[in-house]
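Hi,

Here is the structure I said I would pass on. Have a look at it first, and my notes follow below.

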Amino acid sequence: ISYRCLYKQQPIEREGLLFPEGKVMRYDDEEIKKLRENPPEIITGQCDTKGKGTDFFVLPCFEKYGDYYYCTDCVCDNSPDYELQYENSANLIVENEMQDCVFESNAGGDRVSEEVQKRVEEKGWICNIRPMATETNKEARIFQCSNWILQHVKFKDKSMYAPKSQYGVMMAQLLSYSVSGKNINDDVADVFATFALRIKKGNGRRKTIIMPSPI
């Protein structure tokens, strides 16, 4: 944070950080290799499509093992080239053998999901890709889901990615998200919060249970 404030001219409010380095869970090569001796329960993704200006296109990939979602790969850039976004997203889905992926539909995500779906199929892979609208306030959503993210999502150890890589850019934005100051970019925090709500909603589905009659 000090480096970014002093040398990159990117002011960050240290006191209001929702995802401080000391609380974010990390995994290393040994842990993920051991886990991958068995297939994950699901490989899924969540996409926050790019709007205007400095908005970022963010698509993290998750592998679920037990109670944890391991963020293993991502697309995270603010290129205005939509064709590049479609191609990068399709490559991420195919290379990680993603089975399921949700695109935010509010900012034209339904069109983006259709374009990505077409490219994924052209590359010979099948993935359940679908758009989904977000209805809650962004800041409230991020604050509401911050503890769940800290308790259930694991990120790569810093030795596993370069700071200037897309994964590095994603982590820098997440770790610097503050509730006390103005955030230049909140797309990363938002996509993880939207993912958290989606998972919790899915886990909260009602089940029909057949019970013996008391009579």
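Let's start with one residue: aspartate 77 has a relative accessibility of 12%, which is under the 20% cut-off, so aspartate 77 counts as buried. Bear in mind that this is a predicted model.

Where does aspartate 77 sit? You'll find aspartate 77 in strand β4. Setting aside neighbours within four places in sequence, aspartate 77 is in contact with Phe56, Phe57, Gln85, Asn88 and Gln166. There is also a polar atom of the aspartate 77 side chain 3.1 Å from the backbone nitrogen of serine 79.

Now the sheet. β4 belongs to an open sheet of seven strands, in the order β1-β7-β4-β3-β2-β5-β6, and the pairing is mixed. The edges are β1 (25-27) and β6 (128-132), each of which pairs on one side only. From one strand to the next, the twist averages 30°. As a reminder, strands of a sheet pair through backbone hydrogen bonds, either parallel or antiparallel. At the β1 edge, β1 and β7 (residues 153-156) run parallel and are joined by three bridges. If you want a spot to zoom in on, methionine 25 stands opposite lysine 154 in β7.

Two helices lie across these strands. Helix α5 (residues 138-152) lies across β1, β4 and β7, at about 60° to β7. Helix α3 (residues 82-95) lies across β3 (57-65), β4 (68-77), β5 (100-104) and β6, and runs at about 155° to β4.

I spent a bit longer on α3. With 14 residues, α3 reaches 20 Å from its first C-alpha to its last, close to the 20 Å expected at 1.5 Å a residue. Which residues of α3 are buried? They are Gln85, Tyr86, Ser89, Ala90, Leu92 and Ile93. These residues cover an arc of only 160° around the axis, so they are on the same side of α3. What covers them includes β3, β4, β5, α4 (109-122) and β6. Gln85 will be familiar, as one of the contacts of aspartate 77.

Both ends of α3 deserve a look too. At the start, a side-chain oxygen of aspartate 81 comes to within 3.1 Å of the backbone nitrogen of glutamate 83. Just after α3, glutamate 97 takes a positive phi of about 50°.

That's what I have so far. Shout if anything is unclear.

Cheers

How values were computed:
Residues numbered from 1 in each chain as written. Predicted model: local features only at pLDDT ≥ 70, side-chain atom pairs only at ≥ 80, totals over all residues. Heavy atoms only, no water. Pairing = 2+ DSSP bridges. Helix = DSSP H or I, 4+ residues; strand = E, 2+ residues; numbered from the N terminus. Axes fitted to C-alpha atoms, helices over the stretch in contact; angles between N-to-C directions. Contact = heavy atoms within 4.5 Å. Expected span 1.5 Å × (residues − 1). Buried < 20%, exposed > 50% of the residue type's maximum accessible area, 1.4 Å probe, protein only. Arc of directions from axis to C-beta. Polar contact = N/O pair within 3.5 Å; in protein donor to acceptor, adjacent residues only side chain to side chain.
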